[in-house]
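Here's a quick tour of a ligand site and the residues around it. Have the structure open beside you as you read.

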Amino acid sequence: MSNLQVDENGRLRHFLSIEGLNRQILTDILDTAESFSGITDQHIKKVPLLRGRIIVNLFFESSTRTRTTFELAAKRLSADVLNININASATTKGETLLDTLRNLEAMHCDMFIVRHAESGSAHFIAQHAQPHIRVINAGDGRHSHPTQAMLDMLTIRRHKKDFSKLKVAIVGDILHSRVARSQIQALSILGTSEIRVVAPRTLLPAKVQSLGVHAYTDLKEGIRDADVIIMLRLQQERMQGALLPSSHEYFQLYGLTEEKLSCANKDVIIMHPGPINRGIEMDSQVADGPRSVVLQQVSNGIDVRMAVMSMAMGSINTAETTDPNAPNASKETR
Ligand code: NCD
């Protein structure tokens, strides 16, 4: 996968997973995102980097934050954005993923932002797309959600600066979470001193320690002295069979409350990728409290997605453009 993601000059080509990328590329994404952060405060919230490009939001699974922040990010880069409503698209009439791809290519699109319930879908599209097309994974099955992980890293870096001194606890449904998998990879590539996962045994993957994390089944122990706590949603839609007694009992044991938070470092920040189930993963006092950075994560998502899209599009060069119909395919954007 690493070859597909990075070109021969080490530049980002597709962004499919954190796995296979090095610290330099992750740091470049964070630094580029920082360079975009001022745009929001400008009167005209736009830069012309992707003017004339067509970016397609191809969401086969529901999403609010991710889809809209990708759209906003693309618009701030001056790209034209197509939102494909899958429920009303030909996919529901039996069209294959490959046929959908070929049709969008015929419309001269430049980049696909893909969310799909099947792990590996974004990778599949990147493998089969024409060489000038760029693909960004916006979440595939349980596998990977790399832009979410990077917006989380940006949020942590803005508050805590040095990853090598941090204890980070990820709490909740680790088993079904593509977000947790990508966060663990990013935290470890960026040199985080201690990564913990906290969950009932039924929601921890087998051999979870092989990911380089410490596993806990007790919430207070798992968040003791933590600098960052990331809460995850129970992914009911991916659960098969009864993995949990009840939401009420889950909240008693794993729901974050002010009382349980007293075990953590006093400067702890609380994160959640959303959507939050209040009263299940955490109570409202914590979600809306002074230590919560949940809404900052959403804003940071725009900067990170601008960074990833402009970096990926910037790696296009003449040599790989074999399609004479590809508009602007040989132009550098950055
Ligand atoms: C996450 C996702 O879709 O994987 N949400 C998101 O992208 N904002 C996590 C979740 O759905 O719980």
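Start with the ligand's neighbours: Arg 65, Thr 66, Arg 115, His 145, Gln 148, Arg 178, Val 179, Arg 233, Gln 235, Pro 273, Gly 274 and Pro 275 (each has a heavy atom within 4 Å of the ligand). This is a predicted model, where local features need pLDDT of at least 70, side-chain atom pairs count only at pLDDT 80 or more, and totals for chains, interfaces and linings use all residues. Residues are numbered from 1 along each chain as its sequence is written, and side-chain values use heavy atoms, with hydrogens and water left out.

By class, that shell has three nonpolar, five polar and four charged residues (Ala, Val, Leu, Ile, Met, Phe, Trp, Tyr, Cys and Pro count as nonpolar, Asp, Glu, Lys and Arg as charged, and the others, Gly among them, as polar).

Here are some polar contacts (pairs of N or O atoms within 3.5 Å):

| Residue and atom | Ligand atom | Distance |
|---|---|---|
| Arg 233, polar side-chain atom | oxygen | 2.7 Å |
| Gln 235, side-chain N or O atom | oxygen | 2.8 Å |
| Gly 274, polar backbone atom | nitrogen | 2.9 Å |

How much of the ligand does the protein bury? On its own the ligand exposes 320 Å², and the protein buries 93% of that (Shrake-Rupley areas with a 1.4 Å probe).

Helix 3 (65-76) and helix 7 (178-189) are the elements that give two or more residues to the shell (helices are DSSP runs of H or I with at least four residues, strands are E runs of at least two, and both are numbered from the N terminus). Zooming out, domain 1 (2-144 + 301-333) and domain 2 (146-297) both contribute residues to the shell, so the ligand lies between them (the bounds come from an automatic or database domain assignment).

Back to Gly 274 for a moment: a cis peptide bond joins Gly 274 to Pro 275, with omega about -5°. Pro 275 lies in the loop between strand 9 (269-271) and helix 11 (284-287).

Terms used
Polar contact = N/O pair within 3.5 Å; in protein donor to acceptor, adjacent residues only side chain to side chain.
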